[in-house]
Amino acid sequence: MPMIETPDGPVWRRRTTRRELAIWLGWLIGVAIVVYAWIPISDKTIWFFVQDAGTQALDIGARMVPPKFSYMEKLWIPIWDTINIATIGTVIALIIAVPVAFAAARNTTPHPVVRAVALFVIVSSRSVNSLIWALMLVFIFGPGVLAGTIAIGLRSIGFCAKLLYESIEEIDHSQVEAIEATGASRAQQILFGIVPQVLPTFAGVGVFRWDINIRESTILGLVGAGGIGLQLNGSINTLAWTQVSMILLVILATVIVSEWISARIRHAII
């Protein structure tokens with residue numbers, strides 16, 4: 001440590017460690033990123049409206065009370081459509097995700113090229129939000145439940161396949177080797193040595209993704225992909241705030257019930 005002179009006499013000064021320098025450098029980089037990102041946010045924000053945001057929020061909140069409970073009779077079919085979108089979309093995703101997962105796992109893929117394609121499918125599915133999928137599919141299939149269902153399915157493939165192929169790679173290989181020692185074919189090794197080990201993961205991932213899809217499917221109607229989001233979008237556009245509050249209550253109740261169901265199923269599986 002270097003020695004420096006002070007009015008009280010010479011003292012030893014501790015050197016700054018590399019770890020401390022790295023921490024300071026990280027803070028400086030973080031501040032620079034925040035400042036750089038804030039410039040376009042500030043330029044493209046109308047601060048007059050931001051200053052009035054609190055008053056507007058209180059005004060809308062007052063208009064939403066009490067909810068229009070009589071509107072519930074028009075929400076039964078849309079909420080049923082929302083549940084169907086999530087359920088069928090999850091089933092579609094699982095059907096496609098299983099072969100993709102086996103193709104992506106190192107210990108089951110037939111060829112490195114096949115694995116690269118499977119990983120590309122997984123990354124592509126996970127990179128595009130369900131709303132974007134729905135927006136594109138509405139132009140292809142037209143507005144309605146079909147576009148929403150396919151959007152949920154396409155979005156869920158990557159999520160399910162990623163967790164499944166990671167589970168396949170982490171299996172107990174001794175069981176597969178024991179089956180291989182009996183002279184079993186490659187298909188039999190997968191069927192009797194790998195599949196039983198990943199079945200709990202498959203069931204858990206399916207239920208977990210269905211729970212997520214219930215939430216995502218409630219907003220697909222904002223782009224015309226069916227479900228209760230369609231009523232929510234229409235009510236907001238017509239400033240029917242009592243209907244909006246009723247729809248939000250229905251969405252909240254649906255999410256709570258789906259969470260309870262998925263938790264019970266996962267508990268039963270585990």
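Modeller: Helices are DSSP runs of H or I with at least four residues, and strands are runs of E with at least two, numbered from the N terminus. The model is predicted.

Colleague: How many helices and strands does the protein have?

Modeller: Follow the elements from the N terminus. Two β elements come in front, and the α elements follow them. The count is 11 helices and two strands.

Colleague: What percentage of the residues count as buried?

Modeller: The cut-off is a relative accessible area under 20%. The protein has 270 residues. It exposes about 16700 Å², with carbon and sulfur atoms supplying 70% of that. The buried part of the residues is 36%.

Colleague: Of the contacts with a separation of 6 or more, what share comes from residues 24 or more positions apart?

Modeller: Contact means heavy atoms within 4.5 Å. Among pairs with a separation of 6 or more, those 24 or more positions apart supply 71%.

Colleague: Are α4 and α9 roughly parallel or roughly antiparallel?

Modeller: Two packed helices are described by the angle between their axes and the distance between the axes. The axes of α4 and α9 come within 9 Å and cross at roughly 150°. Angles over 145 degrees count as roughly antiparallel. So α4 and α9 are roughly antiparallel.

Colleague: How many nonpolar residues does the contact of α4 with α9 have?

Modeller: The crossing is right-handed. From α4 the contact takes residues including I83, I85, L94, V98 and F102, and from α9 residues including I190, I194, F202 and W210. Six residues are polar and one is charged, and the nonpolar residues number 12.

Colleague: What is the orientation of α8 to α9?

Modeller: Helix α8 covers residues 173-181, and helix α9 covers residues 186-217. They pack at about 155°, with axes 9 Å apart. The cut-off is over 145 degrees. That makes α8, relative to α9, roughly antiparallel.

Colleague: Which residues of α8 make that contact?

Modeller: α8 passes α9 in a right-handed crossing. On the α9 side the contact uses Q188, Q189, F192, G193, I194 and Q197. By class, the contact has four nonpolar, five polar and one charged residues. The α8 side supplies Q175, V176, I179 and E180.

Colleague: Why is α5 called oblique to α7?

Modeller: α5 (residues 112-127) and α7 have axes 7 Å apart. Angles over 145 degrees count as roughly antiparallel and 65 to 115 as roughly perpendicular. α5 counts as oblique to α7 because of an angle of about 135°.

Colleague: How many charged residues are in the contact of α5 with α7?

Modeller: α5 passes α7 in a left-handed crossing. R115 and R126 are among the α5 residues, while R155, K162 and E169 are among those of α7. Eight residues are nonpolar and four are polar, and the charged ones number five.

Colleague: Is R155 buried or exposed?

Modeller: R155 is found in helix α7, residues 145-169. Leaving out residues up to four places away in sequence, R155 touches S125, R126, S127, V128, N129, S130, W133, R209 and E216. The C-alpha atoms of R155 and R126 are 6.1 Å apart, though the two residues are 29 apart along the chain. At a relative accessible area of 17%, R155 counts as buried.

Colleague: What is the relative accessible area of M64?

Modeller: M64 sits in the loop between α3 and α4. Beyond its neighbours within four places in sequence, M64 contacts W241, T242, V244, S245 and L248. A240 is 176 residues away along the chain, yet its C-alpha atom is 8.3 Å from that of M64. M64 is buried, with a relative accessible area of 18%.

Colleague: Which peptide bond is cis, with omega near -5°?

Modeller: Most peptide bonds are trans. This bond involves P66, which lies in the loop between α3 (53-63) and α4 (76-104). The cis bond runs from V65 to P66.

Colleague: What is phi of L239?

Modeller: L239 lies in the loop between α10 (228-237) and α11 (241-269). L239 counts as exposed, at 58% relative accessibility. Most residues other than glycine have a negative phi. L239 has a positive value, near 60°.

Notes
Residues numbered from 1 in each chain as written. Predicted model: local features only at pLDDT ≥ 70, side-chain atom pairs only at ≥ 80, totals over all residues. Heavy atoms only, no water. Axes fitted to C-alpha atoms, helices over the stretch in contact; angles between N-to-C directions. Parallel < 35°, antiparallel > 145°, perpendicular 65-115°, else oblique. Left-handed = near helix turned anticlockwise from the far one by under 90°. Nonpolar A, V, L, I, M, F, W, Y, C, P; charged D, E, K, R; others polar. Buried < 20%, exposed > 50% of the residue type's maximum accessible area, 1.4 Å probe, protein only. Areas by Shrake-Rupley, 256 points an atom, 1.4 Å probe, with all protein chains shown as cover.
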